[in-house]
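Open the model in a viewer and keep the selection tool at hand. The stops below say what to select next and what is there.

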Amino acid sequence: MRERFRRNPVTAGYLLAVAALALLTGFVFADGMSAQVRESLSTSAATLDHHPVSALLGSAFVLDPAHGVVLGGLALLAVAVFLGALEREVGPWRTASVALAGHVGAALVTALVLSSDPYAQDFAHHADVGVDRVAFAAAGAVTPLAPGVLRVPWAALPLACAVLGARWTGPLPDPDAVGHVAAVLVGVCAGTLAVRRAYAAVGR
């Protein structure tokens, strides 16, 4: 465990923080307080208006209880595998930047979409939290680590998962799916930049 933390401090530290918050809101805090914590850290329109920085950063550490144990576990596994692989390749600081860009970028895209007319009425009170956005961003970010011929199919895989897992209201996908697609796309771009800079620094 100590060796894994030393090799992947950002990935391990992030997972520990997510687990600690999940334990607090699931078993320590009263139900009302847990709901208040999740609401205050969500990227809903109300929290972004009043506390944009804490909402954008804090929501990255919140597991959505609506996703259940299986989907939450898959998100954490994706973070461990993909973000860990990226961190071993580009280092902790670039990895943290990629995860932050993927999560914040996806949150802002989702907020922008929710402010548009097709979404504004149906999802006016949607509370958005984002460990899954970090997971999708990490899955996209390792695209440049794949062999050249596999990069497009690899990037298409998390995009397909995001679209196929969407819940649809008429022609509109749910806000979570919008955030997941945005996270993959930002992750691919940020991961490619991080890998190129890391390789250039060592002459690869």
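**First stop: helix H9**

Select H9, where Val-131, Asp-132, Arg-133, Val-134, Ala-135, Phe-136, Ala-137, Ala-138, Ala-139, Gly-140 and Ala-141 are buried. Buried means under 20% relative accessible area, exposed means over 50%, and partly exposed lies in between, with a 1.4 Å probe and protein chains only. With 11 of its 11 residues buried, H9 is largely enclosed by the rest of the structure. To see the cover, add helix H2 (9-28), H6, H7, helix H10 (151-164) and helix H11 (175-201), which are included in what covers the buried residues of H9.

This is a predicted model, in which local features need pLDDT of at least 70 and side-chain atom pairs count only at pLDDT 80 or more, while totals for chains, interfaces and linings use all residues. Residues are numbered from 1 along each chain as its sequence is written, and side-chain values use heavy atoms, with hydrogens and water left out.

**Second stop: the whole chain**

Zoom out and show the chain as a cartoon. The secondary structure consists of 11 helices and two strands; helices (H or I, at least four residues) and strands (E, at least two) are DSSP runs, numbered from the N terminus. Read from the N terminus, the order of elements is α-α-α-α-α-α-α-α-α-α-β-β-α. The radius of gyration is 17 Å, close to the 17 Å that the globule rule gives for 204 residues, so the chain is as compact as a globular protein of that length. That radius is taken over C-alpha atoms, and the globule rule is 2.2 Å times the number of residues to the power 0.38.

Turn the C-alpha trace along its principal axes, and the chain spans about 50 × 40 × 30 Å. Of the 204 residues in the chain, 43% are buried. Among contacts (heavy atoms within 4.5 Å) between residues at least 6 apart in sequence, 74% join residues at least 24 apart.

**Third stop: colour by confidence**

Colour by pLDDT, the predictor's confidence in each residue, from 0 to 100. The chain has a mean pLDDT of 88, and 95% of its residues reach 70 or more. Which elements have the lowest and the highest mean pLDDT? Helix H1 (residues 2-7) has the lowest, at 70, and helix H9 (residues 131-141) the highest, at 96. Where pLDDT is low, the predicted coordinates should not be read in detail.

**Fourth stop: Leu-83 and Val-142**

Select Leu-83 in helix H6 (residues 68-90). Leu-83 has a relative accessible area of 2% and is buried. Apart from neighbours within four places in sequence, the contacts of Leu-83 are Thr-11, Ala-78, Thr-95, Ala-99 and Ala-138.

Now measure from the C-alpha atom of Leu-83 to that of Val-142: the separation is 7.8 Å, although their positions lie 59 residues apart along the chain. Val-142 sits in the loop between H9 and H10. Is Val-142 buried or exposed? Its relative accessibility is 9%, so Val-142 counts as buried. Not counting residues up to four places away in sequence, Val-142 touches Phe-82, Leu-86 and Trp-154. Val-188 is 46 residues from Val-142 along the chain, with 7.3 Å between their C-alpha atoms.

**Fifth stop: His-103 and Cys-189**

Go to His-103, in helix H7 (residues 92-114). At 1% relative accessibility, His-103 is buried. Leaving aside neighbours within four places in sequence, His-103 is in contact with Leu-56, Ser-59, Ala-60, Gly-130, Arg-133 and Val-134.

Finish with Cys-189 in helix H11. Cys-189 is exposed, with a relative accessible area of 56%. From Cys-189 to Gly-102 the C-alpha distance is 9.2 Å, and the two are 87 residues apart in sequence.
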